[in-house]
Amino acid sequence: MRTLKRLFQFISIYATALGLLWGVKIVYGFSDYLIPPPLEVLQVASQNGLLYVKAVLDTLAVAIAGHMVAIVLATAVGLVGRLGTWPGNLTRTAAYNLQAYPIVAVAPIIFLFLGDGLASRLLIAAMICYFPVLLSFIGIFAKSVEEVEHFFRITGRINWRLELSIRTFENLDKITTVIVGSGTMALVGTIIAEFLAATNGIGYIIRKALYQSNLAKILVALFLIGLCSSLYLSLIETIGGRIKIRLYGHKAEYMIFCLPFVWRLLEAQVHTAVF
Amino acid sequence: MHIACRNLHYTYPGAGFPVFSNLDWSIEGPGFFALFGLSGTGKSTLAKLISGELSPGQGEIDIPNARRVLYTHNAERIPGWNTVGAHLRSVTPASKTSLLTTILKDYGMEAHLESRFSGLSMGQKNRINLARYLVQEFDLLIADEVLANVDEPTRNHILERLKTLFPQKTFIYISHNALEVARFSQAIYVLPHGSTAGTNKIHKITGIDRQDGMETPEELVQERVYAILRSAASTSEPRP
């Protein structure tokens with residue numbers, strides 16, 4: 001249902017934008033070369049559809065991988081950033097300063113060092129969505145949920161895992177929203193990387209179409225990007241929703257079994273990162 | 001148990017005036033005591049200072065024989081991923097399991113152990129929260145409006161049973177209900193109406209200290225209630 005709603009929203013916006021484009025074409029009498037007619041767009045879609053679908057899936061796969069890397073990294077660094085000691089202060093200061101820099105400007109340097117392969121696209125995708133996730137995670141992990149934590153603190157039961165479990169649980173909605181938002185940024189990062197220098201993906205196809213001044217190809221590519229992005233984001237929302245139902249509902253034991261495992265994993269990462 | 005505050009000063013960071021200034025106050029436990037006052041007079045602040053959640057700016061708080069001081073308030077929640085029963089079992093020491101069963105039965109909460117905390121009424125939440133504190137090791141429990149949402153008959157029953165179950169413990173019960181504190185407390189400590197110079201005196205009024213099943217003459221209760229209310233409204237210039 002959520003997926004259908006997102007798809008419907010995207011298709012409505014896309015159709016409206018196309019309608020406006022063709023409206024402008026008719027009003028100002030632009031040529032078919034500048035703004036292709038609907039039939040030409042359909043022809044491009046039928047001739048290149050399969051190739052474009054493969055390209056957009058390639059882009060999506062890189063974006064998802066980059067997104068996952070960013071989330072894991074942001075969680076690990078966020079755990080350090082929540083600390084009141086010097087590693088925490090240093091991490092927070094570094095994160096706040098670095099996020100102010102437009103990361104996409106660093107992308108050409110990455111291509112210089114890593115070439116135009118998968119590694120560059122993955123790294124740029126991860127970097128672009130990493131800082132918003134990190135800052136949100138630091139904020140969530142560092143802020144006490146006083147009305148829940150008070151009992152554990154005053155009875156001497158509090159430890160960092162319990163504290164994080166409480167804060168994560170209490171902020172699940174916020175975390176899902178941040179992850180969904182950063183998913184879009186991961187896709188944007190991947191496409192930017194493909195615009196710049198890659199030889200694969202839908203961004204590369206758009207770049208080629210741009211050189212040929214072929215708006216029909218660009219419109220088809222944009223449609224597929226929107227479609228894939230809507231599907232991916234609704235998948236994340238669905239996963240977030242399922243987790244919430246499990247935790248709030250009758251299957252909450254999942255949380256009890258799952259969280260200690262996750263924290264042990266993260267603890268090992270933090271330990272490696274700090275020491 | 002002896003609790004003594006000497007020359008206590010406390011000002012919240014960024015506040016223009018102190019909550020307490022040069023306050024001397026003491027309680028001799030065990031027993032059930034009440035802290036009464038109008039809103040904003042510093043009851044919760046004093047509770048947090050005694051429990052160590054806040055540190056006094058100047059002066060000292062001495063509780064020589066207390067191994068553990070607990071403070072609870074009525075906004076507390078249990079983690080949402082657990083049922084009430086699972087949470088209570090996980091925080092109850094093995095030696096207190098039968099006490100937990102007794103308390104839950106007393107509080108009429110046995111039927112709600114499989115519920116989520118969020119699914120309980122406000123009064124039920126209050127009872128569950130108090131129950132989990134009562135099964136901890138403590139010498140002094142400061143209960144800040146912990147039964148604020150519980151209906152009167154149940155609240156009276158809980159307070160009576162508290163005294164029967166824990167005769168050797170010290171309770172400081174914070175409430176806005178003058179009738180309730182007059183009936184059940186051994187002594188009521190009334191914080192006077194606020195002053196910009198900070199509270200420096202707490203009035204003591206002897207309570208009726210009603211025990212389980214004991215009848216209390218209504219005239220006596222009324223007399224104490226008036227004394228408490230007069231004392232609470234007594235001072236001084238209102239805070240800005």
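## Practice with a predicted model

**Exercise 1.** Work out how the radius of gyration of chain B agrees with that of a compact globule.

*Solution.* Start with the chain length: chain B has 240 residues, and a compact globule with that many would have a radius of gyration near 18 Å. Now look at the chain itself: its value is 18 Å, so the two agree. Keep in mind that this is a predicted model.

**Exercise 2.** Build up a fuller picture of chain B: its box, its elements, its burial and its contacts.

*Solution.* Take the box first: along the principal axes, the C-alpha atoms of chain B fill roughly 50 × 45 × 35 Å. Next come the elements, and here you'll find seven helices and nine strands. Then check burial: 40% of the 240 residues in chain B are buried. Last, pick out the contacts between residues at least 6 apart in sequence; 71% of these join residues at least 24 apart.

**Exercise 3.** Hop over to chain A and describe how helices H2 and H8 pack.

*Solution.* Find H2(A) at residues 38-81 and H8(A) at residues 172-196. Their axes lie 8 Å apart, at an angle of about 125°. Angles from 65 to 115 degrees count as roughly perpendicular and those over 145 as roughly antiparallel, so H2(A) is oblique to H8(A). The crossing of the two is right-handed.

Now zoom in on the contact. H2(A) brings residues including A:Thr59, A:Gly66 and A:His67, while H8(A) brings, among others, A:Ser182, A:Leu187 and A:Glu194. Sort the contact by class and you get eight nonpolar, seven polar and one charged residues.

Definitions and conventions. Residues are numbered from 1 along each chain as its sequence is written. Chains are lettered from A and ligands numbered from 1 in the order in which they are written. This is a predicted model: local features need pLDDT of at least 70, side-chain atom pairs count only at pLDDT 80 or more; totals for chains, interfaces and linings use all residues. Axes are lines fitted to C-alpha atoms, for helices over the stretch in contact, and angles run from 0 to 180 degrees between N-to-C directions. Helices (H or I, at least four residues) and strands (E, at least two) are DSSP runs, numbered from the N terminus. Angles under 35 degrees count as roughly parallel, over 145 as roughly antiparallel, 65 to 115 as roughly perpendicular and the rest as oblique. A crossing is left-handed if the near helix is turned anticlockwise from the far one by less than a right angle, and right-handed if clockwise. Two residues are in contact if their C-beta atoms, placed from the backbone, lie within 7 Å. Ala, Val, Leu, Ile, Met, Phe, Trp, Tyr, Cys and Pro count as nonpolar, Asp, Glu, Lys and Arg as charged, and the others, Gly among them, as polar. The radius of gyration is taken over C-alpha atoms; the globule rule is 2.2 Å times the number of residues to the power 0.38. A residue is buried if 20 or more other C-beta atoms lie within 10 Å of its own, exposed if 12 or fewer, and partly exposed in between; C-beta atoms are placed from the backbone.
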